[in-house]
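Here's a walk through one protein model, going from its rings to its strands and on to its main pocket. Keep the viewer open and follow along.

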Amino acid sequence: MRIEELQQAAREFRTHLDRIKQESPDVDWFFGDILGNIDAIGGLLTGGNRDLFGRLSGGRIADIGAADGDLSFFLETKGFRPEIVDFAAYNFNQLEAAYRLKEALDSSVPIHEIDINGQFELPHRYDAVIFLGILYHLQNPYLALETLAHTSRYCILSTRVAAWMHSGPWPWQFRGRIRNRPIAYLLEPDEFNNDSTNYWIFSEAGLKRIVERTGWRILDFKTYGKRWTSNPRDPKRDQRAFMPLESRHT
């Protein structure tokens, strides 16, 4: 299945999900557009990689940090075998929404409650893992990426990155520019969105370095957002990197 087909199908499925969610106002639904990630992935993939989901047709996919599970429930309708991997203590609504959607959709998607913030083991080997917006919430991102590289053939990853160390009025001192330096910034507990689960914000070069050192090969790379002015702490200067990866171990 080409990514263009998946993008169109995701837009149609979003309408269906929105209707279900509107009928359950008692649930604290995740505020973000989870299925919008399909469009972000579509803008990322180039050349033969645009058929990545075709290569994964019918495959087992782990959706790690799945929020309400929208992506998993959508991929199930397209013949994939997705599984939600999340942990109630870290989930936006303690996984209530994922269980509610599973029931409403009469879905067979398994929900595995696993804490990946440390040593962990997934229940299966996977054709791919979807790992979107999770890396910077982990205390040990190196361990997580290394574990996944031994568990899955492919990974679709996104995380927040930064081009500068500093915030404040432009221009900043040029010594604060980090985009091409392989480093990461460790946030204070209340430094970004007053969320103590925000830990490591990588530079673009730092992100590429860690995925390569943990056993992955980068197939494509693209960022969205404030590429030239992003920093670790400013919500208005947010930049997200997306990359499909292929494990060197499987």
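Which residues do ring pairs link into a cluster? They are Phe30, Phe31 and Phe92. Before going further, bear in mind that this is a predicted model.

**Rings and charges**

The structure has 7 aromatic pairs in total. One of them joins Tyr224 and Phe242 in an edge-to-face arrangement, with 5.5 Å from centre to centre and 90 degrees between the planes. Tyr224 belongs to strand E9 (residues 222-225) and Phe242 to strand E10 (residues 239-247), so this contact ties together parts that are 18 residues apart in sequence. How do the two partners compare in exposure, buried or partly exposed? Tyr224 has 26% relative accessibility and counts as partly exposed, whereas Phe242, at 6%, counts as buried. The cut-off at work here is 20% relative accessible area: under that value, a residue is called buried.

Rings also meet charges in this model. The charged end of Lys208 sits over the ring of Phe221, at 4.3 Å from the ring centre. Arg227 does likewise with Trp228: its charged end sits over that ring, 5.0 Å from the centre.

**Strands and crossovers**

Now for the parallel strand pairings, listed here with their bridge counts.

| Strand pair | Sense | Bridges |
|---|---|---|
| E1 (residues 60-64) and E4 (residues 126-132) | parallel | 3 bridges |
| E4 and E5 (residues 152-161) | parallel | 6 bridges |
| E1 and E2 (residues 81-86) | parallel | 5 bridges |
| E2 and E3 (residues 111-113) | parallel | 3 bridges |

Start with E4, where 6 of the 7 residues are buried. This strand pairs with E1 and also with E5. On the E1 side, Ala62 has Val129 of E4 as its bridge partner. On the E5 side, Ala128 is matched with Tyr154. To get from E4 to E5, the chain passes through helix H6 (residues 141-149), and this β-α-β crossover is right-handed.

Then there's E2. With 5 of its 6 residues buried, E2 is largely enclosed by the rest of the structure. Which residue of E2 is the bridge partner of Asp63? That's Ile84. Between E1 and E2 the chain goes through helix H4 (residues 70-77), in a β-α-β crossover that is right-handed. Ile84 turns up again in the pairing with E3, where it stands opposite Ile111. E2 and E3 are part of a right-handed β-α-β unit too, with helix H5 (residues 96-104) as the helical part.

**The largest pocket**

Rolling a probe the size of a water molecule over the atoms shows where empty space is left. In this model, the largest pocket holds about 1,200 Å³ of space. Which of its 43 lining residues are closest to the centre? Those are Phe30, Gly133, Ile134, Tyr136 and His137. Phe30 is one to click on, as it also takes part in the ring cluster with Phe31 and Phe92.

As for the elements, helix H2 (36-44), E1, E2, E4 and E10 each give two or more residues to the lining. H2 has the largest share, with 3 residues. Several names from earlier come back in that list: E2 and E4 are among the contributors, and E10 is the strand that holds Phe242.

Conventions:
Residues numbered from 1 in each chain as written. Predicted model: local features only at pLDDT ≥ 70, side-chain atom pairs only at ≥ 80, totals over all residues. Heavy atoms only, no water. Phe/Tyr/Trp six-rings, centres within 6.5 Å; stacked < 30°, edge-to-face > 60°. Helix = DSSP H or I, 4+ residues; strand = E, 2+ residues; numbered from the N terminus. Buried < 20%, exposed > 50% of the residue type's maximum accessible area, 1.4 Å probe, protein only. Lys NZ or Arg CZ within 6 Å of the ring centre and 35° of its normal. Pairing = 2+ DSSP bridges. Right-handed = clockwise from strand over helix to strand, strands pointing away. 1 Å grid on protein atoms, 1.4 Å probe; cavity = no way out; pocket = protein on both sides within 12 Å on 5 of 7 lines; lining within 4 Å. Points joined across faces, edges and corners; volume = space filled by probe spheres on them.
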